[in-house]
Amino acid sequence: MKNLHRMSVISCILVAFAAVSFAFPSVLLAGDAEAEPGAFSFLRRDFSGTPRSRFAGMSGGAFSSEYGRLRKELEDSYDACYVGLDDDGRRELFESEVFWEKYFSSYEKNLCGVLDRPLLIYADGAKNPVITNVYREIVTEILRWRIDDLKRWKQGHYLSKPAMNADDIELKLTAERRRYAALRSDVVLLRYILYHYDRKNMDRISNLFGEKKLEFLENRISDRRTLLCEQLEMIERSNRLLEMISAGLRGIVPVDGSGKES
C-alpha cells in the first residue's frame with residue numbers, strides 16, 4: 001500500500017513536470033542547467049522583439065552601484081528613524097531591523113542562483129511577456145519598501161485608505177491572506193518540479209520579521225483602522241513577491257538564433 005502511494009505521488013510530479021514542459025516546448029525553463037551551444041537547437045527561438053525591463057540589460061556593475069546606493073539610503077533612513085524614538089521604540093525598531101536583514105538575505109541567497117538572469121515572464125496578469133531579471137527586481141523592491149517604511153515612520157506617517165472603513169479593510173485582508181496561501185502552494189509545487197530552494201526557511205524568517213514589524217507598529221499606532229492598513233500592505237507585498245517568484249520559476253531563458261542567451 002505504501003509503495004502504491006509513493007508511486008502515485010511520483011506519478012503526479014511527473015505529470016506536472018510534463019505539463020510544464022508541454023507549456024514551453026521550445027525554450028529552456030528557468031530552472032534548467034546551462035546548455036552547451038548547439039545541444040538544443042530545436043529549443044532556439046528569437047525573442048528580439050520582446051519588451052525588456054531596465055534590469056534585463058543592466059550590467060553587473062550598474063546593478064552593484066544601484067544596490068550599494070539603496071543600501072546606503074536604507075542605512076541613513078534607519079538611523080534617522082532610530083534617533084527620533086524613545087528607548088522602547090529603539091529596541092523594537094532594532095529587533096525589527098535584525099529580522100528584516102535575515103528576511104532580505106534569505107531572498108538574496110535562495111533566488112540568486114536561478115532567477116539572476118534575463119527571463120521571459122508573464123507578470124501581474126499581463127497578456128504579453130516581458131524580459132526581465134526577476135532576482136534584481138525583487139531585491140531592489142524589498143530594499144525600497146523598507147526605505148519607504150522607515151522614512152514614513154520617522155515623520156510619524158502611517159498608512160491610511162480613506163475610501164475604506166475598518167470592516168472593509170478586514171475583508172480585504174482576509175481575501176489577501178487566502179490569495180497568499182494559493183500563491184504559496186503554487187510556488188511550492190514549482191519548487192519541487194523545477195528548482196529546489198529553501199522556501200520553508202524563507203517562510204519562517206518572513207513570519208518572524210512580520211511579527212517584529214507588527215510589534216513595532218502596534219506600539220506606535222492607536223487607531224485600529226490604520227494598523228489594519230499597515231497589515232494589509234504587508235500581505236500585499238508578500239503576494240507581490242510570490243507572484244514574481246512564480247513568474248520567474250515559470251519563466252524561460254530567451255535564446256537567439258546562435259543558441260546563446262540574449
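**Cysteines, buried residues and a surface patch**

Student: Starting with cysteine 229, is that one buried or exposed?

Tutor: Cysteine 229 counts as buried because its relative accessibility is 1%, where buried means under 20% relative accessible area, exposed over 50% and partly exposed in between, with a 1.4 Å probe and protein chains only. This is a predicted model, in which local features need pLDDT of at least 70 and side-chain atom pairs count only at pLDDT 80 or more, while totals for chains, interfaces and linings use all residues. Residues are numbered from 1 along each chain as its sequence is written, and side-chain values use heavy atoms, with hydrogens and water left out.

Student: And how accessible is cysteine 112?

Tutor: Cysteine 112 has a relative accessible area of 30%, so it is partly exposed.

Student: How many disulfides are there?

Tutor: The structure holds 0 disulfides, a disulfide being a pair of cysteine sulfur atoms within 2.5 Å.

Student: Changing topic, where does glutamate 66 lie, and what is it in contact with?

Tutor: Glutamate 66 lies in helix 2, which covers residues 60-83; helices (H or I, at least four residues) and strands (E, at least two) are DSSP runs numbered from the N terminus. Leaving aside neighbours within four places in sequence, glutamate 66 is in contact (heavy atoms within 4.5 Å) with Arg54, Met58, Thr140 and Arg144.

Student: Why does glutamate 66 count as buried?

Tutor: Glutamate 66 is buried because its relative accessible area is 10%.

Student: What about threonine 50, where is that found?

Tutor: Threonine 50 is found in the loop between strand 1 (28-29) and helix 2, and it counts as buried because its relative accessibility is 14%. Apart from neighbours within four places in sequence, threonine 50 is in contact with Leu120, Pro129, Val130 and Ile131.

Student: Zooming out, how many helices and strands does the protein have?

Tutor: The protein has 7 helices and 4 strands, following the pattern α-β-α-α-β-β-α-α-α-α-β along the sequence. Of its 262 residues, 44% count as buried.

Student: How much of the contact network joins residues at least 24 apart?

Tutor: Among contacts between residues at least 6 apart in sequence, 79% join residues at least 24 apart.

Student: And where does phenylalanine 94 sit?

Tutor: Phenylalanine 94 sits in helix 3.
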